[in-house]
Amino acid sequence: MSDTVGSRHLDGAMHNLEKMSEYVQTGKTEVIEVGIELLENKIENSGMDKLQECIGGLIRAEQRVKAFTQSVDSLKSRWQNGELEDSMDIVEELEADFKRETEKVTNDPSLWDHEFMTSFIEQMKTIDAGFELNTGVKPRGDDDVMQMAGEATTTCPITQCQMTDPVKDKICGHNFEKQAIQAHIAQCQKRKRPSKCPSTGCTNIIDRNNLESNVALKQLIQRRAKDSNQPQASV
């Protein structure tokens with residue numbers, strides 16, 4: 001097989017993988033939006049269970065894309081370095097390499113331990129801490145009850161205004177307007193004081209490295225704002 005043909009096969013495979021990766025990322029965004037809708041409309045738990053099954057499918061798809069990408073990268077590097085014979089069937093070699101890489105990623109932690117699944121569960125708890133989500137483990141005890149129950153609060157404890165770009169502290173779980181908490185940290189550093197969590201009763205020290213965007217809460221805020229701007233139907 002010529003270098004041109006082999007390179008074309010590998011480049012085409014990589015292009016398809018990039019598209020597949022985009023589809024997986026789109027799917028991740030969609031499941032978060034659907035999860036918010038399920039909670040807002042008080043859908044029975046079976047609806048969330050089915051959504052989490054979809055998440056499992058996305059995780060498996062992402063693992064396969066990862067494995068195939070590693071296969072293509074490895075094979076392309078070997079091809080460019082002249083380590084493969086011209087008579088080699090590149091498709092057959094790619095399939096064999098893909099099988100080896102798939103065996104590696106399937107040894108990753110269970111779906112319930114996967115970063116996206118755990119992140120999804122935590123984000124849904126942010127919206128409604130009282131909703132029972134499947135976590136792959138035994139039911140939670142009293143010590144596992146989240147800091148807030150029922151409807152999600154969208155008010156920043158610093159500004160006392162509705163947040164537009166919420167971030168969550170990974171340690172204490174409290175949410176803040178991004179600019180407000182960053183200003184709080186900067187002010188504390190200027191005064192050489194520990195940046196204590198602004199939420200009443202919380203003793204956690206806020207660290208910038210522990211702040212992450214709360215995608216689910218941001219989408220909920222945007223959804224509520226959109227709904228409030230819609231004209232009410234006449235009776």
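This tour moves through a predicted model, from the overall fold to the largest pocket and then to individual residues.

**The whole chain**

Begin with the protein chain coloured by secondary structure. The protein chain has 6 helices and 3 strands, and along the sequence these elements follow the pattern α-α-α-α-β-β-α-β-α. Switch next to a colouring by relative accessibility: of the 235 residues in the protein chain, 37% are buried.

**The largest pocket**

Select Glu115, Ser119, Gln123, Glu212 and Ser213. Among the 21 residues that line the largest pocket, these lie nearest its centre. The space in this pocket amounts to about 490 Å³.

Now display the elements around the pocket. Helix H1 (3–40), helix H4 (115–127) and helix H6 (215–229) each supply at least two residues of the lining, as do strand E1 (166–169) and strand E3 (211–213). Which element gives the largest share of the lining? That element is H4, with 6 residues. Coloured by class, the lining shows 9 polar, 7 charged and 5 nonpolar residues.

**Lys28 and Phe116**

Select Lys28 together with Phe116. The charged end of Lys28 sits over the ring of Phe116, at 5.0 Å from the ring centre. Aromatic rings may be inspected next: a search of the whole structure finds 0 aromatic pairs.

**The cysteines**

How many disulfides does the structure hold? The number is 0, and two sites are worth examining in turn.

Select Cys156 and Cys161. The closest cysteine sulfur to that of Cys156 belongs to Cys161, and because the separation is 8.1 Å, the two are too far apart for a bond. Cys156 is itself buried, with a relative accessible area of 0%.

Move on to Cys197 and Cys202. The sulfur of Cys197 has its closest cysteine sulfur in Cys202, at 3.7 Å. A disulfide requires the sulfur atoms to be within 2.5 Å, so the distance of 3.7 Å is too far for a bond. Cys197 counts as buried, at 4% relative accessibility.

**Asn175 in strand E2**

Select Asn175, which lies in strand E2 (residues 175–177). Is Asn175 buried or exposed? Asn175 is buried, and its relative accessible area is 8%. Add Met163 to the selection and draw a distance between the two C-alpha atoms: the separation is 9.0 Å, for residues 12 apart along the chain.

**Two loop residues with positive phi**

The last stops concern the backbone. Most residues other than glycine have a negative phi, and most peptide bonds are trans. Against that background, select Gln160, a residue other than glycine whose phi is positive, near 60 degrees. Gln160 is found in the loop between H4 and E1. With a relative accessible area of 56%, Gln160 is exposed.

Then select Lys192. Where does Lys192 lie? Lys192 is in the loop between helix H5 (178–190) and E3. The phi of Lys192 is likewise a positive value near 60 degrees in a residue other than glycine. Lys192 counts as exposed, at 78% relative accessibility.

Notes: Residues numbered from 1 in each chain as written. Predicted model: local features only at pLDDT ≥ 70, side-chain atom pairs only at ≥ 80, totals over all residues. Heavy atoms only, no water. 1 Å grid on protein atoms, 1.4 Å probe; cavity = no way out; pocket = protein on both sides within 12 Å on 5 of 7 lines; lining within 4 Å. Points joined across faces, edges and corners; volume = space filled by probe spheres on them. Helix = DSSP H or I, 4+ residues; strand = E, 2+ residues; numbered from the N terminus. Nonpolar A, V, L, I, M, F, W, Y, C, P; charged D, E, K, R; others polar. Buried < 20%, exposed > 50% of the residue type's maximum accessible area, 1.4 Å probe, protein only. Phe/Tyr/Trp six-rings, centres within 6.5 Å; stacked < 30°, edge-to-face > 60°. Lys NZ or Arg CZ within 6 Å of the ring centre and 35° of its normal.
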